[in-house]
Amino acid sequence: MSAIALRGLRKQYPPREAGGEPQQLWRGLDLTVAEGEFVAVEGQSGTGKSTLLHIVGGLDRAYEGEVVVLGEPLRGLSDARLAALRHVHIGFIFQSFNLLGELTALENVLLPDYFGDGVPDAERRAREGLARVGMADKASARPTALSGGERQRVAIARALLARPPLLLADEPTGNLDARTGEGIIGLFRELHRDGITLLVVTHEARVSRAASRVLVLRDGELFPDPRLEGSA
Amino acid sequence: MRPARLWKLANANLSRELGALAVSAGGVALGIGCLVFFLALGRGLQRVVRDVFPVSARELEVVVPQVGVGSLFGEVHLDDAALARLRQIPGVSEAFPRLALRVPAVTRYHGLFFGREIHMGLEVLGIGVSPELFGTDARLPFADAGEGAPIPVVVNRRLLEIYNKVFAPQRGLPQLTDSMLVGFQFPIELGRSYVAAKTLPGTYEAALRLAGFSDRAPLAGLSMPIETIRRINQRFGQDATGYSSVLLRAQRSEQVGEIAASVKRMGFDLDESERNRALQIGAAVELVTLALSLLAALITALAAVNIAQAFHAEVRERTREIGVMRAVGATRGDVATLILAEAAVTGLIGGALGVLLARLGGFLVDRVAHKGLPEFPFKPDSFFDFHPGHVLLGVAIALAAALAGAFFPARSAAALDPARALTES
C-alpha cells in the first residue's frame, strides 16, 4: 500500500489584483510514495513545497484533486478526523522548530499528549525519544537555552512521540549550520531504516542525498531528479 | 483534552503573559469587588432596618377604622365575636388581641438604680397582650396574678438599645442588659397623669415587674397581660368588652394580601404605619444597592471588554503556536477550550481577588465607622453582611465575564487556518 497518493493535485490562490485571474500553483500533481520510502522534494521558493506538505498533512483543505494518506482519502474527513490522523499517524518537522517557549524540552515533546486521547505511556516514550535524538540530559531545559540543532532534535522527538508511520519535514536543516544539519540528516537515515515513511521538502542537496528518491517541483510539475534518482 | 493537561498548557500560556493577566484579572477584581461590596453593604443595611423596624412579613395589625361608614353606625367593634371571625379567615394561623389601658398611669422611681441614685417620673402607656404572643421572650411568668401582685411587663428590645446608646451616656447611667433588668420592680400609679395633671377617683398604686424584652412588644408603652388591663379598665369603669387591635399571623407570607382584603371587607382597617416605614426604608436601601450593583456590573462588563481585547491580541501573537498545536493533533475545539480555560483562570483569579478586595473594603469602612461615628441606637458592629451566596455569585459573574470576553477570541483562534497559521511570521 502506498503511504501517500496524489492525483491531479491543484492549488489555486486568489488573483493578485482585483478582477484578475486566480493563480494556479500546480498543473495537476501526481505522486505516489510507498510505505517506508524516503522522498525528498526540491524546488525553488514559491513553487509550493510547503503547501504540498500542508495538504498531505491535512492542514490545508483548499485544493483540487485527490489526496490519499495512509489509505485515507483526506477530502471526506472531518476536521476532528483529520486532527486524529495528524495526532497518531503523521509527524511534522518544521524549519523553525516551532517549540513552545514556556514548556521544557520534555514538555514540548509531550505536546501531542495534551490533545485528543493523549498518547499511551507518553512520558516514557518522550524520554526515550529525547534519548534517541541525544537530548536526554536537556529534558528540563527551555528552548531558549538550546542551540538550533538541539531545538530541531527536540522537534523531531516531538514528531515521533506517537510513533507515526509518516513524517513530513519542511526544510528541516534550513536554519542549521552544516555540521548540525548533518546530525539531523543522520537521524532521518535512522528513521528511514526503521521503516518510517519520510516526505521531506528541501532546497539542500545534502538532504536529498540521504533520500531514496528525489523529485524536483518546477513549473507546477514534479520531475524526478536525474542526478540522484535511486542512488540512496 | 484532559483537564490536567489543559490546566498545564493554560498555566504555561498565562505565565508568559503575566502583565496582561494582571490587567485583565485586575479589571475583573475591581468590578467584582464593587459588586460584592455593595451587595454586602445593602444586606448589612437591610439587617439594620430590620433591627430598627422588626416587622414580620406574615403579620397584620387589625384596627377599628377611625372614620368609616361602619363606625359611624356603630357596627364595627373588635370584640370576641369579631376576633372569632378574624381567626376564621383562610390563611390565618393565629390572632392575638391587644387592649389599651384606658386610664392614665404614671411611674415614679426614687432610689438606687444599679448603683446610681435616680429620680424619675414618667407617663405610662399600657397595652394588654395575649401571653402567647411573646412565647419564650417573657422569661418570668406573664399572666395576670390578681390584685395586689406585681404586674408582669414586657418591653420592646429597642427601648433598651435607645437607653444604652442615648439615654444612659447623656446622664451617666450604667449600661444595662436584658438579663440585668429581668425581675426589676418599679411602682406604677394607676388613674393619675402628670401631663394632664389629673387624678381619677379610685387611683391606686401597684408594682410592675419586668418579665422580659421582645421585638413583638409595641415600641411605645409597656406590654402587660390582657387580663390585667381588662381588670384595671373595669375597675375604673371603662369599656372592657372590646379590643384595641388584633395582630393576625398568616400561615405563609404570600397569603397576607388576601387576608388584608378579607379584613377590609369585614369593615376593619389595618395599621401599617410601622410596616410601611420599614418597607419604604428597605425599598430605598434595595434601590440604592441595585443602582450601585448595576454600576459594579458595568465595571465588570468593561473588564470583559478588556479581556476580549487582551485575548484577541494574544491570539494574534500566538497564531503560529496555534498552527503547531493543530499540526500535532489539536482540534478546533481543543484550541477554543484552551483559550477559554485561560480566560476561566483569569476570571477565577479576578473573582477571588475581587471578593478579597470587598472584604478588605468592608473591614476598613467598619473600622472607620467604629472609630469615627458617634454611638447611636442600633449602630451595628458591621455595616456589611457578606453572604456566601454573594461570594459565589461574585466568582460566578467573574467567570462568566471572562468567558464572555474570551468567547470571540476563542472562536477566531479555533477558526484559524492551520496551514496559514504555520506560515505566519
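## Helix α9 of chain B, the sheets of chain A and the contact between the chains

Among the elements that cover the buried residues of helix α9 of chain B are α2 (18-52), α11 (332-372) and α12 (388-414) of the same chain. The model is predicted.

### Helix α9 of chain B

Helix α9 of chain B runs over residues 273-317. Its 45 residues, at 1.5 Å a residue, should span 66 Å, and the distance of 65 Å between the end C-alpha atoms agrees with this. The buried residues in α9(B) include Ala296(B), Ile299(B), Thr300(B), Ala303(B), Ala304(B) and Ile307(B). Ala310(B), Phe311(B), Glu314(B) and Val315(B) are buried as well. An α-helix has 3.6 residues a turn, so residues three or four places apart point the same way.

Two of these buried residues, Phe311(B) and Val315(B), are touched by Ile339(B). Beyond residues up to four places away in sequence, Ile339(B) also touches Ala406(B), Pro409(B), Ala410(B) and Ala413(B).

### Nonpolar cores

Ile339(B) also has a place in the largest nonpolar core, which has 131 residues; together with Leu198(A), Ile339(B) is named as having the most contacts inside this core. The largest share of the core comes from α2(B), with 15 residues. Another core, of 45 residues, lies apart from it and includes Leu99(B), Leu208(B), Ile226(B) and Tyr243(B).

### Strands of chain A

Chain A contains seven helices and 12 strands. Of its 232 residues, 48% are buried. Among contacts in chain A with a separation of 6 or more, 67% join residues 24 or more positions apart.

One open sheet of chain A consists of four strands in the order β4-β1-β6-β7, with antiparallel pairing. The edges are held by β4 (29-34) and β7 (72-73), each with a single partner strand, so one side of each lacks a neighbour in the sheet. Strand β1 (residues 2-10) pairs with strand β6 (residues 64-69) over five bridges, in the antiparallel sense. Within this pairing, Glu66(A) in β6(A) is the bridge partner of Arg7(A).

Strand β5 of chain A (residues 38-43) is mostly covered, with five of its six residues buried. Its pairing with strand β10 (residues 197-202) is parallel and comprises five bridges. Its pairing with strand β11 (residues 213-218) is likewise parallel, over five bridges. Val41(A) stands opposite Val201(A) in β10(A), and the bridge partner of Val41(A) in β11(A) is Leu215(A). Strands of a sheet pair through backbone hydrogen bonds, either parallel or antiparallel.

### Positive phi values and a partly exposed helix residue

Most residues other than glycine have a negative phi. Phe97(A) and Glu171(A) are listed below with their positive values.

| Residue | Phi | Loop in chain A | C-beta atoms within 10 Å |
|---|---|---|---|
| Phe97(A) | near 65° | between β8 (90-93) and α3 (105-109) | 23 others |
| Glu171(A) | near 45° | between β9 (166-170) and α6 (178-193) | 20 others |

A residue counts as buried if 20 or more other C-beta atoms lie within 10 Å of its own. Phe97(A) is therefore buried, with 23 such atoms, and Glu171(A) is buried with 20.

Ala122(A), in helix α4 of chain A (residues 122-132), has 19 C-beta neighbours inside 10 Å and so counts as partly exposed. Apart from residues up to four places away in sequence, Ala122(A) touches Leu110(A), Asp113(A) and Leu161(A). Leu110(A) is 12 residues away from Ala122(A) along the chain, and the C-alpha atoms of the two are separated by 6.7 Å.

### Contact between the chains

In the contact between the chains, 23 residues of chain B meet 24 residues of chain A. On the side of chain B that touches chain A, α1 (3-16), α10 (319-327), α11 and α13 (418-422) each supply at least two residues. The largest share of that side, six residues, is from α1(B). By class, the side of chain B that touches chain A has 10 nonpolar, five polar and eight charged residues. Helix α11(B) thus supplies residues to this side and is also among the elements covering the buried residues of α9(B).

Conventions:
Residues are numbered from 1 along each chain as its sequence is written. Chains are lettered from A and ligands numbered from 1 in the order in which they are written. This is a predicted model: local features need pLDDT of at least 70, side-chain atom pairs count only at pLDDT 80 or more; totals for chains, interfaces and linings use all residues. Two strands pair if DSSP finds at least two bridges between them. The expected span of a helix is 1.5 Å times one less than its number of residues. A residue is buried if 20 or more other C-beta atoms lie within 10 Å of its own, exposed if 12 or fewer, and partly exposed in between; C-beta atoms are placed from the backbone. Two residues are in contact if their C-beta atoms, placed from the backbone, lie within 7 Å. Ala, Val, Leu, Ile, Met, Phe, Trp, Tyr, Cys and Pro count as nonpolar, Asp, Glu, Lys and Arg as charged, and the others, Gly among them, as polar. A nonpolar core is a set of buried Ala, Val, Leu, Ile, Met, Phe, Trp, Tyr and Cys residues joined through C-beta atoms within 7 Å.
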